[in-house]
Amino acid sequence: MKISCIKSNKDNTSFRILEKLGINVFSINELEKTDKKIEELIKKNYKTIIISNEIAGFSEDIIKRYNKTNNINIIIAPSKKNTI
């Protein structure tokens, strides 16, 4: 199973551990192209795509479309917040 992550190119904290474990982490410059990147990864047979919470709002339609399929998993990673 191929797994990938997508984040903003300005995001330096998300998915660092996953990247060190060898999972492909892709950065995008234009958040409006989130859907295009997800489609590209699906065509390359990525079955699990984790996206940062920051870019999730830019891909709402595609998340809804693939939410109903069993063979593609799109996961929205929660943002890191400092909690006491």
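**Figure 1. What packs over the buried side of helix 2 in this predicted model****.** The cover over the buried residues of helix 2 includes strands 1, 2, 3 and 4, along with helix 3 and helix 4. The buried residues themselves are T34, K37, I38, L41 and I42. They span an arc of only 140° around the axis, so they sit on the same side of helix 2. Look to the other side of the helix and you find K36 and K43, both exposed. Helix 2 lies across strand 1, strand 2, strand 3 and strand 4, and runs at about 155° to strand 3. Just past the helix comes N45, with a positive phi near 70°.

**Figure 2. Close-up of I38 and the core around it****.** The largest nonpolar core has 16 residues, and I6, I38, I49, I51 and I74 are the ones that touch the most other members. Helix 2, strand 3, helix 3 and helix 4 chip in at least two residues each. Zoom in on I38 and, setting aside neighbours within four places in sequence, you'll see contacts with I6, I49, I51, S59, I62 and I74. There's also a second, separate core of six residues, with C5, I23, V25 and I50 among them.

**Figure 3. Helix 4 and its two faces****.** Helix 4 covers residues 60–67, and its buried residues are I62, I63 and Y66. Viewed down the helix axis, these fall within an arc of 105°, so they line one face of helix 4. That spacing fits a general rule: an α-helix has 3.6 residues a turn, so residues three or four places apart point the same way. Turned away from the buried side is the face that carries the exposed residues D61 and N67. As for what sits over I62, I63 and Y66, the cover includes helix 2 (34–43), strand 3 (46–52), helix 3 (53–56) and strand 4 (73–77).

**Figure 4. N67, out on helix 4****.** N67 belongs to helix 4 and is exposed, with a relative accessible area of 63%. For a sense of distance, pick out E39: the C-alpha atoms of N67 and E39 are 14 Å apart in space, while the two residues are 28 apart in sequence.

**Figure 5. The open sheet, strand by strand****.** Four strands make up an open sheet in the order 2-1-3-4, with parallel pairing. Strand 2 (24–28) and strand 4 are the edge strands, each pairing on one side only. On average, neighbouring strands of the sheet are turned by 25° against each other, direction ignored.

**Figure 6. Strand 1 between its two partners****.** Strand 1 takes in residues 2–8 and is joined to strand 2, running parallel, by five bridges. Five bridges also join strand 1 to strand 3, again in parallel. On the strand 2 side, K7 has S27 as its bridge partner, and I6 stands opposite F26. On the strand 3 side, K2 stands opposite Y46. Five of the seven residues of strand 1 are buried, so this strand is largely enclosed by the rest of the structure.

**Figure 7. T48 and its surroundings****.** T48 sits in strand 3. Its relative accessibility is 8%, which puts T48 among the buried residues, given that buried means under 20%. Leave out residues up to four places away in sequence, and T48 touches M1, K2, I3, S4, N73 and I75.

**Figure 8. Stepping back to the whole chain****.** Pull back from the close-ups and you can count four helices and four strands. Starting at the N terminus, the elements go β-α-β-α-β-α-α-β. The radius of gyration is 12 Å, close to the 12 Å the globule rule gives for 84 residues, so the chain is as compact as a globular protein of that length. Along the principal axes, the C-alpha atoms fill a box of roughly 40 × 25 × 25 Å. Of the 84 residues in the chain, 38% are buried. Among contacts between residues at least 6 apart in sequence, 56% join residues at least 24 apart.

Methods
Residues are numbered from 1 along each chain as its sequence is written. This is a predicted model: local features need pLDDT of at least 70, side-chain atom pairs count only at pLDDT 80 or more; totals for chains, interfaces and linings use all residues. Side-chain values use heavy atoms; hydrogens and water are left out. Buried means under 20% relative accessible area, exposed over 50%, partly exposed in between (1.4 Å probe, protein chains only). The arc is that of the directions from the helix axis to the C-beta atoms. Contact means heavy atoms within 4.5 Å. Two strands pair if DSSP finds at least two bridges between them. Axes are lines fitted to C-alpha atoms, for helices over the stretch in contact, and angles run from 0 to 180 degrees between N-to-C directions. A nonpolar core is a set of buried Ala, Val, Leu, Ile, Met, Phe, Trp, Tyr and Cys residues joined through side-chain atoms within 4.5 Å. The radius of gyration is taken over C-alpha atoms; the globule rule is 2.2 Å times the number of residues to the power 0.38.
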